[in-house]
Amino acid sequence: MPKPGYKSITIPEQIYDKFKTYKDTDGVKNEMGAYSLSKYVSFMLEERMMKDEVFAKNAPMLKKIGIDDDRIILRDKKINRIAEVVVKNNTLYCELCEEENCIHAGFCYAMPEVYTIMKKKGAL
């Protein structure tokens, strides 16, 4: 049973182990020293929700639809079009705008998973 004021969730052991390893190597401590894994996961979830909220408020016109190999598919509500951003020549290239320096490519640079794609393609 969780402590009063807390809820319990279930996650796969693989994810638990990743969180634990990440927490142990993160080096971030509060003023009272190291903190529990539960507190760390809560902090990470809260931080993610805040980022999602900021994206929703400040970039409501763009939304990630999905990622397919080296292609990020976005929905641009402002112009009612789908934008495809690909890793090309070690950078992100927007096929809709036909350029590297546009709002769609910039939006993609804010997504952590894009750096994984770029690394796989040798762009980093």
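**Exercise 1.** Is E95 buried, partly exposed or exposed?

*Solution.* Buried means under 20% relative accessible area, exposed over 50%, and partly exposed in between (1.4 Å probe, protein chains only). E95 has a relative accessible area of 36%. E95 is therefore partly exposed.

The model is predicted: local features need pLDDT of at least 70, side-chain atom pairs count only at pLDDT 80 or more, and totals for chains, interfaces and linings use all residues. Residues are numbered from 1 along each chain as its sequence is written, and side-chain values use heavy atoms, with hydrogens and water left out.

**Exercise 2.** Find which residues are linked with R71 in a network of salt bridges.

*Solution.* A salt bridge is a side-chain nitrogen of Lys or Arg within 4 Å of a carboxyl oxygen of Asp or Glu.
- Step 1: R71 and E84 meet in a salt bridge, 2.7 Å from N to O. E84 lies in strand β3 (residues 81-88) and R71 in strand β2 (residues 71-76), so the pair ties together parts 13 residues apart in sequence. Helices (H or I, at least four residues) and strands (E, at least two) are DSSP runs, numbered from the N terminus.
- Step 2: R71 and E95 form a salt bridge at 2.8 Å, N to O. E95 is in the loop between β4 (91-94) and α3 (103-109), so this pair ties together parts 24 residues apart in sequence.
- Step 3: R71, E84 and E95 are thus linked in a network.

**Exercise 3.** State where the salt-bridge partners E113 and K64 lie.

*Solution.* The closest N and O atoms of E113 and K64 are 2.6 Å apart. E113 is in helix α4 (residues 112-120) and K64 in strand β1 (residues 62-68), 49 residues apart.
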